[in-house]
Amino acid sequence: MTTVGYDVEALRTAFPDWSFFFSDEGVLYATRRGVRLDDADILKGLHQTVSANDVETVVDLLQDQARVAAAS
């Protein structure tokens with residue numbers, strides 16, 4: 001599935017700690033809400049922002065971020 005026509009509200013409901021937006025080129029970005037990662041978090045594998053050309057990849061990235069955070 002591509003990002004075109006996708007209901008971003010479903011993503012906001014599923015991942016309330018993230019903000020979502022599309023670039024002019026149609027790339028979907030997700031960035032953490034109200035959280036600023038420090039160097040230690042980044043070294044653990046956490047990302048402030050993730051992006052991809054399709055919704056499924058962004059969802060996979062966000063689920064991976066949740067796993068990394070839980071393991072920290």
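Q: Let's start with the strands. Which residue in E2 is the bridge partner of serine 19?

A: Threonine 31 in E2 pairs with serine 19. Keep in mind that we're reading a predicted model.

Q: And what is the bridge partner of tryptophan 18 in E2?

A: That one is arginine 32. Now put these pairs in context: strand E1 covers residues 18-22, strand E2 covers residues 28-32, and five bridges join the two in an antiparallel arrangement.

Q: How should I think about the side chains along a strand like that?

A: As a general idea, side chains in a regular strand alternate between the two faces of the sheet.

Q: What about the hairpin of E1 and E2: how many residues lie between the strands?

A: Five residues sit between them, and glycine 26 takes a positive phi near 90° there.

Q: In what order do the strands of the sheet come?

A: The order is E1-E2-E3, three strands making an open sheet with antiparallel pairing. E1 and E3 (49-52) are at the edges with a single partner strand each, so one side of each has no neighbour in the sheet. On average, neighbouring strands are turned by 20° against each other, ignoring direction.

Q: Which strands does H3 lie across?

A: H3 lies across E1, E2 and E3, and runs at about 150° to E3.

Q: Now the largest pocket. How much space lies in it?

A: About 170 Å³. To read its walls, go through the lining residues: Phe15, Pro16, Asp17, Trp18, Arg32, Val35, Leu62, Gln65, Ala66 and Ala69. Notice Trp18 and Arg32 in that list; we met them as bridge partners.

Q: Which element gives the largest share of that lining?

A: Helix H3 (residues 55-71) does, with four residues.

Q: How do the lining residues divide into nonpolar, polar and charged?

A: Seven are nonpolar, one is polar and two are charged.

Q: Last thing, confidence. What is the mean pLDDT of the protein?

A: The mean is 91, and 92% of the residues reach 70 or more. Going element by element, E3 has the highest mean pLDDT, at 98, and helix H1 (residues 8-14) the lowest, at 90.

Methods
Residues are numbered from 1 along each chain as its sequence is written. This is a predicted model: local features need pLDDT of at least 70, side-chain atom pairs count only at pLDDT 80 or more; totals for chains, interfaces and linings use all residues. Side-chain values use heavy atoms; hydrogens and water are left out. On a 1 Å grid over the protein atoms alone, a cavity is a set of points where a 1.4 Å probe fits but cannot get out, and a pocket is an open set with protein on both sides within 12 Å along at least five of seven lines; lining residues have an atom within 4 Å of a point. Grid points are joined across faces, edges and corners, and a volume is the space filled by probe spheres set on the points. Ala, Val, Leu, Ile, Met, Phe, Trp, Tyr, Cys and Pro count as nonpolar, Asp, Glu, Lys and Arg as charged, and the others, Gly among them, as polar. Two strands pair if DSSP finds at least two bridges between them. Axes are lines fitted to C-alpha atoms, for helices over the stretch in contact, and angles run from 0 to 180 degrees between N-to-C directions. Contact means heavy atoms within 4.5 Å. pLDDT is the predictor's confidence in each residue, from 0 to 100.
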